[in-house]
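Colleague: I am new to this one. Could you walk me through it, one question at a time?

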Amino acid sequence: EIVLVGIHLGHYGIDRGYDLARMLRRIEEEWGSAENQWRLRLGSIDPTDFTPELMEVLFAAKLLCNHLHIPLQSGCGKILSLMNRGYTPDDYAGLVSMLRKGRPGLAVTTDLMVGFPGETEADFEETLNFLRAVGFSRVHIFPYSLREGTAAAKLPGHLPRRVKEERVKRAEQTARELAKAYRALFLGQVVEVLIEETNRDGYAEGFSREYLRVQVKEELNPNSLIRAKVESVTREPLTGVVVAP
């Protein structure tokens, strides 16, 4: 598995008259028929970097894992505006909807910042409701941290540490519920797993294309690419059995 990462992955090549869409199309054309099995995963891409050209390539890409990490930061329009994020919750939800129509079953993971200056209890509840509406498979949550010299540091309404910590815990609970709901979709389904290691319980373990950790009771070498039928989704790693290609 090759993972493309960058501080602004969506800006790749723009200083040279190139772009991410053209690179992905070239990878598909030149490497898509390679004899060795392999797959491609993208790192974080900002919501504002999904051009029509990039969307077209993503919908057709066969090597690409069915997983995208799209930072959200907040599900409240007021807070996104204070952050100068350049998009609204409706923009974000519309993007995810289009991506899922083009790539059914797409796993969408995200980043969430809680406790940004000026975030009220109502704003936070709006964010939790937005998380549920989008249905993320994973949410990376962190509290706002004051950094001198930033625009946010000068904003009014900085929250006490205890409030931020309490909101992190509530957001984590919502994230666990969403992850459980997403895992449930794969019960009885066959997924492709790239084996990375043998865990302490003696299972070969790795990630699916949807970025779900899966284990099978088999002796398999790292870097083996297998197909597994999922038999248990109660926790991660999911448990499956190897099926024929």
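Colleague: Which residue in β7 does valine 193 stand opposite?

Modeller: Start with the two strands. β6 and β7 pair in the antiparallel sense, over five bridges. Two strands count as paired if DSSP finds at least two bridges between them. Opposite valine 193 in β7 stands serine 208.

Colleague: What kind of model is this, and how are residues numbered?

Modeller: The model is predicted: local features need pLDDT of at least 70, side-chain atom pairs count only at pLDDT 80 or more, and totals for chains, interfaces and linings use all residues. Side-chain values use heavy atoms, without hydrogens and water, and along each chain, as its sequence is written, residues are numbered from 1.

Colleague: In what order do the five strands of the barrel close?

Modeller: Strands here are DSSP runs of E, at least two residues long, and helices are runs of H or I, at least four; both are numbered from the N terminus. The pairing in the barrel is mixed. From one strand to the next, the twist averages 55°, with axes fitted as lines to C-alpha atoms (for helices, over the stretch in contact) and angles running from 0 to 180 degrees between N-to-C directions. The order is β6-β7-β8-β10-β9.

Colleague: Which residue of β9 is the bridge partner of valine 191?

Modeller: Look at β6 (residues 190-198) and β9 (residues 225-232). They pair in the antiparallel sense over five bridges. The partner of valine 191 in β9 is alanine 228.

Colleague: And in β10, what does alanine 228 stand opposite?

Modeller: β9 also pairs with β10 (residues 238-243), antiparallel and over five bridges. Lysine 229 stands opposite valine 241 there. For alanine 228, the residue opposite is valine 242.

Colleague: Where is proline 237?

Modeller: β9 and β10 form a hairpin, with five residues between them. A cis peptide bond joins glutamate 236 to proline 237, with omega about 10°. The place of proline 237 is the loop between β9 and β10.

Colleague: Do β8 and β10 run parallel or antiparallel?

Modeller: Three bridges join β8 to β10. Valine 216 stands opposite glycine 240 in β10. The two strands run parallel.

Colleague: What is the strand order in the open sheet?

Modeller: This sheet has three strands, with parallel pairing. Its edge strands, each paired on one side only, are β3 (67-69) and β5 (138-143). Neighbouring strands are turned by 15° against each other on average, direction ignored. The order is β3-β4-β5.

Colleague: Which residue in β5 does leucine 112 stand opposite?

Modeller: β4 covers residues 107-114 and pairs with β5 in the parallel sense. Six bridges hold that pairing. The residue opposite leucine 112 is isoleucine 141.

Colleague: How many residues does the largest nonpolar core have?

Modeller: A nonpolar core is a set of buried Ala, Val, Leu, Ile, Met, Phe, Trp, Tyr and Cys residues, joined through side-chain atoms within 4.5 Å. Elements giving two or more residues to this one include α1 (20-31), α4 (89-102) and α6 (161-184). Those with the most contacts inside it are Leu24, Leu42, Phe50, Leu58, Tyr92 and Leu99. The core has 44 residues.

Colleague: How many residues are in the other core?

Modeller: That core lies apart from the largest one. Among its residues are Phe186, Ala204, Val214 and Val233. The number is 15.

Colleague: Is asparagine 84 buried or exposed?

Modeller: Asparagine 84 sits in the loop between α3 (77-82) and α4. Its phi is near 60°, a positive value in a residue other than glycine. Buried means under 20% relative accessible area, exposed over 50%, and partly exposed in between (1.4 Å probe, protein chains only). At 66%, asparagine 84 is exposed.

Colleague: What is the relative accessible area of tyrosine 211?

Modeller: Tyrosine 211 lies in the loop between β7 (204-208) and β8 (213-216). Phi of tyrosine 211 is near 65°, again positive in a residue other than glycine. Tyrosine 211 is partly exposed, and the value is 30%.
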